[in-house]
Amino acid sequence: MHAVTHTRRPWGAVRSLIIASCVLGAGTAESRAQSAAPPPSPMPGFAASTADAQRRLEDDIVRRPSADIARRHSRALSAEAHVAGTPAQARTRDYVLEQMRAMGLKTEVRSYSVFMPHATSVRLWRTAPTEKELLLREPAVASDSTSEKWQYPTVNGYSGVGEVSGEVVYVNYGLIEDYARLDSLGISVEGRIAIARYGRSFRGIKSREAERHGAVALLIYSDPQNDGYVRGDVYPEGPMRNWDGVQRGSVFNGAGDPATPGYPSTANAPRLPVDRMELPHIPVVPISYANASALLAELRGRDLPAGWQGGLPFRYHIGPGPVRARIAVSDDRATQGTKQIYDTFGVVVGTELPDELVIIGAHRDAWGPGASDNVSGTVSVLEAARVVAEAVRAGHRPKRTIVFATWDAEEWGLIGSTEYVEDDSLRLRRGAVAYLNQDAAADGARFGAGGSPSLRALLRDVARRTPDPRGRGSVFAEWQRSAAIVDTTSPPMTDPGGGSDFAGFYNHLGIPIVDWGFSGESGTYHSQYDDFEWMSRFGDTSFVYHATAGGIGAAMVLRLANADIVPYDYVEFARTMQRYVPAIERQIGSRGWTAAPTPALRAAIARMEREAMSFAATRDSALARPLLGPQRRAANAALREVERALTRPTGLRMRPWYRNLIYVADEDNGYANMPFPSVNEAIRDDDEGLAARELTDLARRFDAATRALTQARMALTAP
Ligand SMILES: [Zn+2]
């Protein structure tokens, strides 16, 4: 249970994925070499007789979401900071439920009580060379009334508590390699206060490494080079982070309630005592670059290693000292550390296959008003729900059940979605067709997407049919243009590592996922300034991107819910998998290992590709004639097993909750993604025997996935 990456759009981090994958030597980032499938004809997974009607339904529904309604929802839901566990967050629950009931959806709430202490006081002093208390609150900004309202203290979620003081040491990004560099310079953070800049890794990893190296506290600041004035004008003149802006965020490295690892936090579930939860023990406090300046400017000491200088207007030094600081953090864990959280569901029950579920969801909690993160995702789901409900009333009842979910406490560690997935795992394993995620879905104009390779072709097809909100053709055409890809290849999509609510579905249960959104230049991530004013002036000024994200969601859920045979693309899946093998072979070759059976893995993936091709051909010809209900049902059931077969019940060796063996977030970084983690982690640990066993195991699981495809094909050819 390490290294998930809360609230980072998987598609928002393409560049960092590429960098990190180079370090590992495995080609983790989505390659651009994807062959461009021609627009499918007429529509994979649909009988010729139903494809046209489906196409008309989708072409209509992607245009239906309303920018005006999206603006109204955004204003209402971002009116106040709504941190999980607060009364304000209970109000967003009620708002969403009321909207979904008004649409005519059947609604449901699932509540869990989870360990989630709220900070009650956070203070920071510079005590030397001169004494000064640093004011942590993000001050009100002229022309932004939301910025004056109550705000959550500037502290990282699950920070340790207590009062500590010590010399200050600058640790760059606080990466494993930064501490190695400090070691080589003879500088230790032991007994001292580390100050790190945001970026390059998940903050939970920064916290873990600071604690491992003996720091008594960690300050994490937003360097202007990262998302401040170096990048653009700052709020309120521009969209970037101003001198006082702070990035809050969790430093918990697991997924779900830390008190109930691997099982749901229902009423009578046993809970771990606080001292056995895998949580930070030291205070971890995020600060603005104004406050960071007050500490960094007077640090002295060793020459700075190359690349450690940031964007503040003075020469950085590592220290230690002469600057000293004192930090005091307290929270409510002694009296009310456990709090109720609420997931909401709006349901359209399927006519033919009510037990087969297509789920689209967004987290509803935030660190501040959260207009981008994640009111925009919530609004996208609400608008998708509204137009689908309208279509249902007009007689277009879906074959499968569609679920519109909003998750609580994502920001603390994907808690609401994880508890739900653990709670409902049997039903989901059996019946979930796909999970579609919306996180920070509309704070700019640049389209991005990520997900399981089995669903990428579907998303590309829907994007081709969705009008670009600026009237420049389709979302797909703009996507390609912004990715600077010539039209013979597809724009890159990122792999599902971690970082948002799809993790429970994907990493834990092996359910195919996909995630998309529009992004832009932004420096208000996890700040009080991520509010309606910021969104209306910079993010999505006319709310058309909110509406378009929702339109894509509506078309996606209807396609998946109505398909005769669910249109997973296991040819693209297998071809994507093949591209990870050469990097593994290079790693193994460079170590001189001879026993590692990479040819077996290569052959297993090739068998999967061949079977996927014959399945697709059989499916297309089977759909040309009437198919019996039981045949379709059996084929779909077998198809749902394909990616489930690529999970392992015992999970990854060091992280049993992570069962999916295809992708996971790198546990030494948290943002970077790792393909074939069971194999790549064994290689990184330099364990030849283990790598050989893991390669064999993975090849066997690919063969199990291939058998599921064969079964699906046989179901369609059975007399
Ligand atoms: Zn988020």
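A residue is taken as buried when its relative accessible area is under 20%. In the predicted model described here, this criterion applies to both members of the pair Tyr568 and Tyr570, each of which is buried.

The model contains an open sheet of seven strands with mixed pairing, in which the order is β1-β11-β13-β12-β14-β16-β15. Its edges are formed by β1 (106-115) and β15, each of which pairs on one side only, and the twist from one strand to the next averages 20 degrees. At one end of this order, β1 and β11 (residues 338-348) are antiparallel and pair over ten bridges, with Gln340 in β11 serving as the bridge partner of Ser113. Helix α10 (residues 371-393) packs on the sheet, where it touches β11, β12 (353-363) and β13 (400-407), and its direction makes about 145 degrees with that of β12. A further helix, α18 (residues 544-562), lies across β12, β13, β14, β15 and β16 and runs at about 165 degrees to β16.

Within the same sheet, strand β16 (residues 513-519) is largely enclosed by the rest of the structure, because seven of its seven residues are buried. The burial extends to both faces of β16, with Ile513, Asp515, Gly517 and Ser519 on one side and Val514, Trp516 and Phe518 on the other. Strand β14 (residues 432-437) runs parallel to β16 and is joined to it by three bridges, and here Tyr435 stands opposite Ile513. Strand β15 (residues 446-451), by contrast, runs antiparallel to β16 and is joined to it by six bridges, with Arg446 standing opposite Ser519.

Helix α15 (residues 475-482) also has buried residues, namely Val475, Phe476, Glu478, Trp479 and Gln480, and the elements that cover them include β15, α14 (456-465), β16 and α18. One of these residues, Phe476, has Arg464 lying over the face of its ring, at 4.3 Å from the ring centre. Just after α15, Ala484 adopts a positive phi of about 55 degrees.

A zinc ion is bound by the protein donors His363 (NE2), Asp373 (OD) and Asp439 (OD), which lie 2.0 to 2.2 Å from it. The spacing of these donor residues in sequence is H-x9-D-x65-D. Because His363 belongs to strand β12 and Asp373 to helix α10, this pair ties together parts that are ten residues apart in sequence. Both His363 and Asp373 are buried.

A second open sheet, again with seven strands and mixed pairing, follows the order β3-β2-β10-β5-β6-β7-β9. Here the edge strands are β3 (132-134) and β9 (284-287), each pairing on one side only, and neighbouring strands are turned by 30 degrees against each other on average, with direction ignored. In this sheet, β5 (residues 162-170) and β6 (residues 193-197) pair in the parallel sense over three bridges, and Tyr170 stands opposite Ile195 in β6.

Aromatic contacts were also examined, and the structure holds 32 aromatic pairs. In one of them, Tyr170 and Trp308 are arranged edge-to-face, with 6.1 Å from centre to centre and 85 degrees between the planes. This pair links distant parts of the chain, since Tyr170 is in strand β5 whereas Trp308 is in the loop between α8 (289-296) and β10 (324-331), 138 residues apart. Both Tyr170 and Trp308 are buried. The pair formed by Tyr568 and Tyr570 is tilted, because the ring centres are 5.6 Å apart and the planes stand at 45 degrees. Ring pairs additionally link Trp150, Tyr152, Tyr158, Phe252, Trp367 and Trp412 into a cluster. A charge over a ring is found at Trp593, where the charged end of Arg591 sits 5.6 Å from the ring centre.

Key
Residues are numbered from 1 along each chain as its sequence is written. This is a predicted model: local features need pLDDT of at least 70, side-chain atom pairs count only at pLDDT 80 or more; totals for chains, interfaces and linings use all residues. Side-chain values use heavy atoms; hydrogens and water are left out. Two strands pair if DSSP finds at least two bridges between them. Helices (H or I, at least four residues) and strands (E, at least two) are DSSP runs, numbered from the N terminus. Axes are lines fitted to C-alpha atoms, for helices over the stretch in contact, and angles run from 0 to 180 degrees between N-to-C directions. Buried means under 20% relative accessible area, exposed over 50%, partly exposed in between (1.4 Å probe, protein chains only). Rings of Phe, Tyr and Trp (its six-membered ring) pair if their centres lie within 6.5 Å; planes under 30 degrees apart count as stacked, over 60 as edge-to-face and the rest as tilted. A charge sits over a ring if NZ of Lys or CZ of Arg is within 6 Å of the ring centre and within 35 degrees of the ring normal. Contact means heavy atoms within 4.5 Å. Donors are N, O and S atoms within 2.8 Å of the metal (3.2 Å for Na, K and Ca); water is not among the atoms, so sites may look incomplete.
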